[in-house]
Amino acid sequence: MRYSKIIGTGSYLPEKVLTNVDLEGIVDTTDAWIQERTGIVKRHIAIPGQTCSDLAEPAALNAMAAAQVKPNNIDLIIVATTTPDQVFPSTACIIQQRLGIHGCPAFDIQAVCTGFIYALTIADQFIRTGAANCALVIGTEVLSHIINWQDRNTCVLFGDGAGAVVLKRATEPGIITSKIHADGSYKELLEVPAGIGVGFDAVNNPLYMTMRGNEVFKFAVRTLERIAEETISSANLTRDDIQWLVPHQANIRIIQATARKLNLPMERVVITVAEHGNTSAASIPMALDVAIRDGRICQGERVLMEAFGGGFTWGAMLVKF
Ligand code: UT7
């Protein structure tokens, strides 16, 4: 049987840091409100002109170094992003060129905060079917470029960054199972209501994110509890078989609710939301990289990753390291 296994992780954060206290000078908010309602203390922000491929490149190089693979070993590149450099070519093609990789398929996928779970699921399928042997999967975002910095409902929540993994063919799993879902009927609750089709202009209809946060929050909590159970039981495992939860980092209260449902103590949950904020498709691979590099996640342990985001999209994946 062919399976896939994560053999290296990497991440990269832009240098510029924006603290809650900095935000107090921009909108009507307080450090105390942000920490209490979200768990966020600070976030990293790209400087003008810094693109998601600028963040993805060092993250990918870190993952490839950890995996000890060379550019010519990579035969598939998938980038999950909501904030691509250009309409086209895809950010994956831009990364491919920057890494000196030629000829392999390279494409972006768009599933907002669930993007990394979608991308890794697709890469796993490519490897299981024999269409690829060694995939580079990246989640990268410059959400600060689509934030309305006058809107306190959203601007305090998001940050920029990139995370990457190298996924290689293996004789045993690796990726045990994954579940991905979407329901487009909730589009208005979380969206950028501007773009090529519906039009945009810098003054009247800018490329800004809008969110009905409280409604998203309730839906996210319910859905993440369900998807966690669905994923674990589809692998014929129980909650006791899971050593780590690496959740999408949107809000500490959502993460705590999922951990409670799984009966996992918070020491078994990888949390980066305080330092990174919500980095959408980048949040899970960055959190994974942090917990692998600091030695928390060890060989042989099972990790559940789960995410929820605009679309709505949601998904979870069970991985053995
Ligand atoms: O990653 C993809 C999915 N995204 C998410 O999962 C995010 C889900 N939503 C959330 O995390 C939370 O709903 C938020 C953090 C966005 C908001 O927390 P909440 O507890 O749901 O607050 P709320 O929206 O119900 O607002 C409570 C109050 C409101 O004031 P009133 O109407 O009660 O007077 C808001 O106007 O808090 C006010 N508020 C703020 N106050 C200070 C909203 N934003 C801020 C702010 N600073 N930044």
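## Two domains and a shared ligand shell

The centres of domain 1 and domain 2, taken over C-alpha atoms, are separated by 14 Å. The structure discussed here is a predicted model. Its domain assignment places residues 3-171 in domain 1 and residues 176-320 in domain 2. Across the boundary between them, 53 residues of domain 1 are in contact with 47 residues of domain 2.

**The ligand and its surroundings**

Which domains contribute to the shell around the ligand? Domain 1 and domain 2 each provide at least three residues of this shell. In total, 24 residues surround the ligand, and the closest are Thr29, Arg37, Asn214, Asn251 and Asn278. By chemical class, the shell consists of 11 nonpolar, nine polar and four charged residues.

Several elements of secondary structure take part. At least two shell residues come from each of the helices α2 (31-38), α6 (152-155), α7 (213-234) and α8 (252-262), and the strand β12 (302-309) does likewise. Helix α7 supplies the largest share, namely four residues.

Three side chains place a polar atom at a short listed distance from an oxygen atom of the ligand, as the table shows.

| Residue | Distance from a polar side-chain atom to a ligand oxygen atom |
|---|---|
| Arg37 | 2.6 Å |
| Asn278 | 2.7 Å |
| Arg253 | 3.0 Å |

The ligand taken alone exposes 950 Å², and the protein buries 74% of that area.

**A buried asparagine in helix α1**

Asn20 belongs to helix α1, which covers residues 20-24. Is Asn20 buried or exposed? Its relative accessibility is 1%, and Asn20 therefore counts as buried, since the term applies to values under 20%. The side chain of Asn20 forms a polar contact of 2.9 Å with the side chain of Arg43. When neighbours within four places in sequence are set aside, Asn20 is in contact with Asp31, Ile34, Gln35, Ile40, Val41, Lys42 and Arg43. Arg43 thus appears both in this list of contacts and as the partner in the polar contact.

**Peptide bonds in the cis form**

Most residues other than glycine have a negative phi, and most peptide bonds are trans. The model contains departures from both patterns, beginning with the peptide bonds. The bond that joins Phe88 and Pro89 is cis, with omega at about 0°. Pro89 is placed in the loop between strand β4 (76-80) and helix α4 (91-98). A cis peptide bond also leads from Gly311 to Phe312, where omega is near -15°. Phe312 lies in the loop between β12 and β13 (313-320). Strand β12 has already been named as a contributor to the shell around the ligand.

**Positive phi in two loop residues**

Gln68 is a residue other than glycine with a positive phi, near 55°. Its place is the loop between helix α3 (52-67) and strand β4. Why does Gln68 count as exposed? The reason is its relative accessibility of 72%, because a value over 50% is required for that term.

Asn236 likewise has a positive phi near 55° without being glycine. Asn236 is found in the loop between helix α7 and strand β11 (244-247). With a relative accessible area of 72%, Asn236 is exposed. Helix α7, which borders this loop, is also the element that gives four residues to the shell around the ligand.

Notes: Residues are numbered from 1 along each chain as its sequence is written. This is a predicted model: local features need pLDDT of at least 70, side-chain atom pairs count only at pLDDT 80 or more; totals for chains, interfaces and linings use all residues. Side-chain values use heavy atoms; hydrogens and water are left out. A residue is near a molecule or strand if one of its heavy atoms lies within 4 Å of it. A polar contact is a pair of N or O atoms within 3.5 Å; within protein, one must be able to donate a hydrogen and the other to accept it, and residues adjacent in sequence count only if both atoms are side-chain atoms. Accessible areas come from the Shrake-Rupley method with a 1.4 Å probe; for residues, only the protein chains shown count as cover. Ala, Val, Leu, Ile, Met, Phe, Trp, Tyr, Cys and Pro count as nonpolar, Asp, Glu, Lys and Arg as charged, and the others, Gly among them, as polar. Domain bounds come from an automatic or database domain assignment. Buried means under 20% relative accessible area, exposed over 50%, partly exposed in between (1.4 Å probe, protein chains only). Contact means heavy atoms within 4.5 Å.
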